[in-house]
Amino acid sequence: MFQQLRTTITDTLGPLGPVMVLGVLGVMLILLALPFALKKPASASEAQTEDAPDAEAPPDPLPASARPERLRHGCKTDKLEKYKGFLEPQNAEELSTARLHLLQAGYTSKSAVRTFHAIQFVLGLGLLVIGLIVALVRSATGSIDMQSLLLTVLLPGLLGYYAPRYWVNKRRAKRQQEIQDGFPDSLDMMLVCVEAGQSLDQSILRVAKEIRPAYPALADEFQMVSQEVKAGKERTQVLKDMGHRVGVPDVASFVTVLVQSATFGTSMSDALRVYASEMRDKRVMRAEEKANVLPTKLTLGTMMFTVPPLLIILIGPSVHGIMETLGNMR
């Protein structure tokens with residue numbers, strides 16, 4: 001019976017037909033068993049912790065500013081909460097690094113880490129199954145070698161797994177570049193507000209409102225700082241959390257300047273004036289650096305698109321004449 005079944009599969013799908021069938025069955029079994037494997041029963045200690053209202057929660061490795069406040073939506077349960085042990089790193093340091101990485105990309109949700117890993121898992125496995133189906137269809141219509149089979153099956157799975165990571169990295173770099181570009185303008189505006197008689201907290205809130213159309217990411221960070229200060233948190237700690245959360249060296253230096261100014265009692269406007277001037281000079285230096293690199297980048301394009309046509313124009317007629325002369329001599 002098994003020999004007859006194997007012969008039928010081989011005649012239909014080719015020599016690799018049994019392997020493909022086993023692969024499909026294995027993926028189906030994994031998909032069917034995965035929900036049951038992820039439903040881990042809560043231990044006695046966890047149940048006791050959930051029932052105790054006064055139990056202390058474990059400290060979050062991220063700064064307090066990185067934890068979004070969801071007072072109105074706190075009653076909603078996260079659908080991925082039951083898969084927390086599977087979708088989140090168990091090491092506290094790795095979890096903190098992943099949260100900070102997503103936070104710098106603009107994803108401030110508490111469940112951002114598990115959502116990210118869930119998307120990776122779904123895309124990777126889904127595209128892997130699609131690649132397997134495509135390989136089965138190709139093997140049924142004609143022969144397919146092992147190299148094409150591996151590329152058809154594994155390449156979509158790898159693309160689906162690494163595509164979310166590439167997206168987050170690109171979004172993180174774009175957001176940090178936006179904050180870096182808009183930071184000198186925000187410092188100039190903050191200096192004007194402070195010299196006009198407003199406090200630093202009022203100046204930060206005003207700057208957040210004014211720069212939102214041009215730099216929404218920086219406006220969100222200033223808005224978060226203003227809200228945390230209004231909530232009663234110490235301003236020094238709020239500024240340090242902002243520098244750690246953003247991940248831009250200019251913002252970290254700005255936080256250091258404000259903290260030192262508040263510690264030693266120096267004038268806030270003088271500190272802002274000096275640092276704003278330095279940020280303007282630094283922005284000009286970045287622009288000059290990009291301008292100086294531009295000719296080097298254009299050299300390769302110039303050589304590729306200018307030299308070959310020029311050689312064809314100059315040498316082409318001579319080569320054509322030589323070929324005709326040789327043809328006449330024969």
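This briefing describes the fold, one helix pair and several individual residues of the structure above. The model is a predicted one, and its protein chain holds twelve helices and zero strands. Of the 330 residues in the protein chain, 30% are buried, and among the contacts with a separation of 6 or more, 67% join residues that lie 24 or more positions apart.

**Overall make-up**

- Read from the N terminus on, the elements of the protein chain follow the order α-α-α-α-α-α-α-α-α-α-α-α, in keeping with a count of twelve helices and zero strands.
- The protein chain has an accessible surface of about 22,100 Å², and carbon and sulfur atoms contribute 63% of that surface.

**The pairing of α8 with α9**

- Two packed helices are described by the angle between their axes and the distance between the axes.
- For helix α8 (residues 200-210) and helix α9 (residues 216-230), the angle is about 145 degrees and the axes are 8 Å apart, while the crossing of α8 and α9 is left-handed.
- On the side of α8 the contact is made by D201, I204, L205, V207 and A208, and on the side of α9 by A219, F222, Q223, V225, S226, V229 and K230.
- Sorted by class, the residues in the contact of α8 with α9 are eight nonpolar, two polar and two charged.

**Helix α9 on its own**

- The 15 residues of α9 should span 21 Å at 1.5 Å a residue, and because the end C-alpha atoms of α9 are indeed 21 Å apart, the expected and modelled spans agree.
- The buried residues of α9 are A217, L218, A219, E221, F222, V225, S226, E228 and V229; of these, A219, F222, V225, S226 and V229 also take part in the contact with α8.
- After α9 comes G232, which has a positive phi near 105 degrees.

**Helix α5**

- Helix α5 (residues 92-104) has 13 residues that should span 18 Å at 1.5 Å a residue, and the distance of 18 Å between its end C-alpha atoms agrees with that expectation.
- Within α5, the residues L95, S96, A98, R99, L100, L102, L103 and Q104 are buried, a list that includes the arginine R99 as well as several leucines.
- Just after α5, G106 adopts a positive phi of about 105 degrees.

**Residues of helix α12**

- R273 belongs to helix α12 and, because its relative accessibility of 36% falls between the cut-offs of 20% and 50%, R273 counts as partly exposed.
- Leaving aside residues up to four places away in sequence, R273 touches L191 and E195, and the C-alpha atom of R273 is separated by 8.4 Å from that of L187, although the two residues are 86 residues apart along the chain.
- S277 is placed in helix α12 (residues 268-329) and is likewise partly exposed, with a relative accessible area of 28%.
- Between S277 and D188 there are 8.5 Å in space, C-alpha to C-alpha, while in sequence they are 89 residues apart.
- M279 is also in helix α12, but M279 is buried, since its relative accessible area of 4% is under 20%.
- With residues up to four places away in sequence not counted, M279 touches F183, P184, L187 and D250.
- The C-alpha atoms of M279 and F254 are separated by 9.6 Å, and these two residues are 25 residues apart along the chain.
- L187 therefore appears twice in this group, as a residue touched by M279 and as the residue whose C-alpha atom is 8.4 Å from that of R273.

**S261 in helix α11**

- S261 has its place in helix α11 (residues 249-264) and counts as buried, because its relative accessibility of 3% is under 20%.
- Not counting residues up to four places away in sequence, S261 touches T266, S267, M268 and A271, and of these, M268 and A271 fall within the residue range of helix α12 (residues 268-329).

Note on methods
Residues are numbered from 1 along each chain as its sequence is written. This is a predicted model: local features need pLDDT of at least 70, side-chain atom pairs count only at pLDDT 80 or more; totals for chains, interfaces and linings use all residues. Side-chain values use heavy atoms; hydrogens and water are left out. Helices (H or I, at least four residues) and strands (E, at least two) are DSSP runs, numbered from the N terminus. Buried means under 20% relative accessible area, exposed over 50%, partly exposed in between (1.4 Å probe, protein chains only). Contact means heavy atoms within 4.5 Å. Accessible areas come from the Shrake-Rupley method with a 1.4 Å probe; for residues, only the protein chains shown count as cover. Axes are lines fitted to C-alpha atoms, for helices over the stretch in contact, and angles run from 0 to 180 degrees between N-to-C directions. A crossing is left-handed if the near helix is turned anticlockwise from the far one by less than a right angle, and right-handed if clockwise. Ala, Val, Leu, Ile, Met, Phe, Trp, Tyr, Cys and Pro count as nonpolar, Asp, Glu, Lys and Arg as charged, and the others, Gly among them, as polar. The expected span of a helix is 1.5 Å times one less than its number of residues.
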